Every structure is written in structure tokens, then in C-alpha cells.
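User: I would like to go through this structure step by step. Please keep the answers short.

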Amino acid sequence: MYLIDFQMTMTTKASEGSSQAVSAGFNPQYAGKRAECDGGAHIAGTKYAGRQFFAGTLTGNYRDYGDYPWRWYLMTKLTQMPRGYVHETVWCDEGSLLLEDE
Amino acid sequence: MSDPLHTQLCEKLGIEYPIVAFTHCKDVAVAVINAGGFAVLGEAMHAPDEIAADINWIRDRVNGKPFGIDLVLPASTPEEKTLEELMAMIPQEQRDYTDMILKKYDVPKPKEELEIASWGGLDQKRALDQLEVLFDEQVPVIASGLGSPAFMLKRAHQLGIQVWGLVGKPRQAIKQIEAGTDVIIAQGFDAAGHTGNIGTFSIVPQVVDAARGTGIPILAAGGVTTGRHLAAALALGADGVWTGSLWLASRESDVNLPMKEKLIESSATDTEYSDCISGYTMRTTRCPWHVEWASPEAPDVLKPPLQMLLSNEYITGANDYRRKDLMTEAAGQGIDYVTEMKPVRQILSDMVEQTLDVFDRFSDDDDD
């Protein structure tokens with residue numbers, strides 16, 4: 001069930017062996033846009049996942065992972081975030097973003 | 001009346017019953033598939049080579065029938081930190097409180113020393129590495145248990161792979177429908193693990209309405225453990241059900257025996273929707289860890305992954321020594337109806353029979 005020791009070791013190996021390319025860029029159309037992010041992630045070391053909700057402003061900076069590509073935008077000036085979230089920014093999957101004027 | 005159980009999901013997959021089992025156990029998956037249902041194996045925690053091995057293990061046992069693999073795609077990530085940085089962020093108050101719980105309940109030390117020197121997190125690269133295996137193996141269905149699968153749809157469809165997405169809000173469903181997701185799983189608050197805040201009875205018809213006219217099948221998820229639930233889901237407009245807790249105490253399940261007993265003894269009120277285990281809110285069966293962190297004296301729950309680092313020794317020690325009084329497991333509010341340890345085939349046939357009984361009852365009423 002909770003294989004945290006195994007999982008942590010395995011995770012690092014998987015990432016080290018990755019052949020997926022990462023590139024960065026800037027989309028001026030998203031810069032300064034207010035957005036919400038229906039976020040979340042796998043909970044490392046477990047079989048579980050958790051949802052997280054963020055609201056803030058997109059900087060326009062993005063990262064593309066892999067060949068498809070899988071695009072992620074940087075959100076800052078967070079106005080809503082999970083309890084205890086201590087970071088000032090969060091990266092959000094483009095498919096999980098909702099622009100305020102949409 | 002035509003067969004109410006033969007929905008467009010059955011047509012899309014070539015299956016007998018519109019019952020989908022989400023499970024982390026390969027034996028359960030194979031048993032459900034061979035009994036006429038469909039199964040999706042949760043592989044989020046596995047390395048790419050393990051996923052490939054599991055896919056081939058299933059393929060060898062289902063005689064060409066389709067199956068799915070579920071991954072958890074991250075949808076948001078903070079800036080990465082090393083394990084040392086994370087450990088340094090845990091306040092002394094929370095450390096002391098954890099030590100108090102471990103002592104109070106005589107929680108055994110985990111059997112093996114925890115190797116927490118190589119924290120890597122589950123990042124985008126790792127998810128892509130997992131996805132590559134699913135593309136290479138051309139699994140019939142890729143399910144995204146969290147996170148939008150929109151970015152991979154084109155490649156998956158080129159390979160003839162269906163992509164399913166699990167949502168907790170209608171707006172997530174609308175985005176996925178617009179993107180071209182093949183099946184949407186509308187998961188209600190009743191569900192095990194991570195859920196949205198909307199109840200199953202409310203979210204399912206909303207997502208059905210959002211998908212109207214698109215031909216995209218909708219699955220109802222969250223608290224589904226009987227044929228009456230399946231009949232209700234079909235009445236709400238869904239094309240089938242996504243079930244998880246239903247299979248945890250089955251004969252084939254690899255959940256350990258004390259935990260199966262605990263699940264069978266549990267009711268909906270024995271589940272907790274709490275962030276105390278991982279920092280993320282999720283529904284699990286109540287254990288002393290929940291009780292202590294809900295106490296007025298408890299310090300604040302920490303954000304992920306810090307809370308998981310705190311709970312890890314408790315969880316691992318409880319599982320290593322099969323301490324039923326301490327253990328916890330993800331379980332939905334439908335757990336009331338998981339009352340005995342039955343074979344998968346019987347669970348499925350009972351559900352089908354109950355569903356048909358419901359429809360027969362309405363049919364009989366029409367005849368009066």
C-alpha cells in the first residue's frame with residue numbers, strides 16, 4: 001500500500017533515465033491573464049492522488065515537456081491556494097487551466 | 001424492454017456489462033474482465049518496466065479482451081525541492097505531535113529503515129515515461145485519474161488507444177469533452193481517495209448534460225457498490241459505473257486480510273474526508289491518526305508532501321505488522337454494502353442481478 005521507501009528510489013531512477021525533452025518559452029497572450037487551475041498530483045510514496053485548487057495570474061512563461069507537447073504555465077500572485085501552501089508560484093498544466101474570461 | 005445494461009459503453013468496448021472496476025490488483029482486473037465487465041489497473045506508483053510487465057501479465061490472461069491502465073497525471077506542481085529542504089520545513093510542533101501519536105498507540109517501527117535519501121517527486125518527466133510504455137504497448141484504454149489528458153489525445157488516437165478522463169467538476173468535463181476525450185468518469189464526493197466537492201447524484205447528470213449529443217459515454221463514480229446504484233446511474237443518464245471500493249475485500253484482492261475485515265466492518269460514517277495523511281484531502285477509513293489530527297490540541301496539518309513525510313512511519317509500521325486497529329485504506333461511502341468476502345465473479349453477477357431486478361420492478365409497474 002504505502003511503499004514510500006521503494007517509491008522514492010524508483011522515482012529518481014525513472015526521471016534520471018527519461019529521454020523526454022523540456023523546452024521553455026513565453027506566450028504574450030497569456031501574460032497577465034487571471035486564471036484558475038484545477039490542479040493536483042500523485043502523492044509520492046502512495047497509490048493515491050490529491051486535488052488542489054489555485055487562482056492567480058499567469059506570467060506567460062511556459063514549459064513544454066515531451067514531443068506532444070505537454071505545456072505548463074507559471075501562475076503567480078496567487079489569490080487562492082491550498083491551506084499550508086508556502087510557495088509563491090505554481091506551474092499548471094494547460095489543460096487544467098481556466099482563464100477568467102473564458 | 002431492451003436490455004438496459006447494454007449501453008453504448010458496452011458497444012464501444014465490446015463488453016457484456018457496463019461495470020468498470022478500478023483496481024490496483026491485477027488478479028481483480030483479470031477476474032472482472034473475464035466475468036464480462038471492464039477493468040482499469042492503477043499504475044501511478046509503478047516504474048515503466050513494471051507497467052510493461054503488468055500489461056503483458058494481463059494480456060496473457062484475458063484472451064484478447066480489452067483493458068485499461070490508469071495513471072495520475074500531475075495538473076499542478078510547485079517549484080521542486082530536495083528531500084533535505086522539505087524535511088527542514090517540518091516545524092518542531094508537528095514533529096512532536098507525531099511522536100506523541102506513535103508512542104500513545106504503540107505504533108511499531110517499520111520493518112525496514114525508510115530510504116528517504118533520494119526523493120524525486122512524481123514530475124512531468126516521470127509521467128511521460130510511464131505514458132511511453134502505454135503507447136509502446138498500445139493498451140486499449142488509458143485512463144487519467146487526475147489531470148487533463150488533452151495533451152496526449154492526438155498521439156493516443158493515432159495508435160487506436162481510447163483516452164478516459166476522471167473529473168470532479170462539470171467544467172473539467174466540458175474541457176475534456178471539447179478536447180476529444182473518449183469517455184468521461186464523473187466522480188462524486190462519495191468516492192474513495194481524491195474527490196471533488198459535488199455529490200455523485202449531482203455531478204453525474206450535469207456531466208451527462210454537458211456531453212449530450214457528443215456520443216461520449218459517461219461513467220458514474222463515487223459510492224457505487226450495488227446494482228441499485230448502477231440502475232440509478234443509468235437512470236441519471238450515465239452509460240455505466242466506475243467502481244473501486246467494491247473490489248477491495250474480494251477473494252482475489254491483494255489487500256491484506258485484517259484490512260479486508262476492517263472494510264467489511266466499515267460503514268459510510270467510518271470514512272473520513274481529511275488532509276491529515278498526505279496534506280491533500282482524500283477519503284479513507286478512519287484510524288487513530290485521523291482522530292488525533294482532528295483533536296482541538298492538534299497543530300495545523302502541513303502541506304504536501306510534508307504531511308506525508310510525517311504520517312509515513314505510522315502508516316508503514318501499521319501495515320508492516322498488520323495492526324488492524326491502526327490501519328487505513330481509501331474507501332468510498334458505499335462501503336456499507338461491502339459485507340462479505342466474495343469472488344469477483346459473484347460480486348459482478350450480484351450487481352447485474354440487482355440492477356435487472358430494479359428495471360423489472362419498474363417494468364412490472366408499467367404493466368399494472
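User: What phi does Arg322(B) take just after H13(B)?
Analyst: This is a predicted model. Arg322(B) comes just after helix H13(B), and its phi is positive. The value is about 50 degrees.

User: Why does the distance between the end C-alpha atoms of H13(B) agree with the expected span?
Analyst: Helix H13 of chain B covers residues 306–320, which is 15 residues. At 1.5 Å a residue it should span 21 Å. The two figures agree because the end C-alpha atoms are 22 Å apart.

User: On which residue is the kink in H13(B) centred?
Analyst: The helix H13(B) has a kink of about 40 degrees. Its centre residue is also listed among the buried residues of the helix, which include Ser311(B) and Asn312(B). The kink is centred on Asn312(B).

User: How many of the residues of H13(B) are buried?
Analyst: A residue counts as buried if 20 or more other C-beta atoms lie within 10 Å of its own. Among those that pass in H13(B) are Leu306(B), Tyr314(B) and Asn319(B). The helix is mostly covered, and the count is 12 of 15.

User: Over which residues of chain B does pLDDT stay under 50?
Analyst: Chain B averages a pLDDT of 92, and 95% of the residues score at least 70. Where pLDDT is low, the predicted coordinates should not be read in detail. That caution applies to the stretch with pLDDT under 50, residues 116–122.

User: In what order do the elements of chain A run from the N terminus?
Analyst: Chain A has 1 helix and 6 strands. From the N terminus on, the order is α-β-β-β-β-β-β.

Definitions and conventions:
Residues numbered from 1 in each chain as written. Chains lettered and ligands numbered in written order. Predicted model: local features only at pLDDT ≥ 70, side-chain atom pairs only at ≥ 80, totals over all residues. Helix = DSSP H or I, 4+ residues; strand = E, 2+ residues; numbered from the N terminus. Expected span 1.5 Å × (residues − 1). Bend = angle between axes of the 7 residues up to and from the residue. pLDDT = per-residue confidence, 0-100. Contact = placed C-beta atoms within 7 Å.
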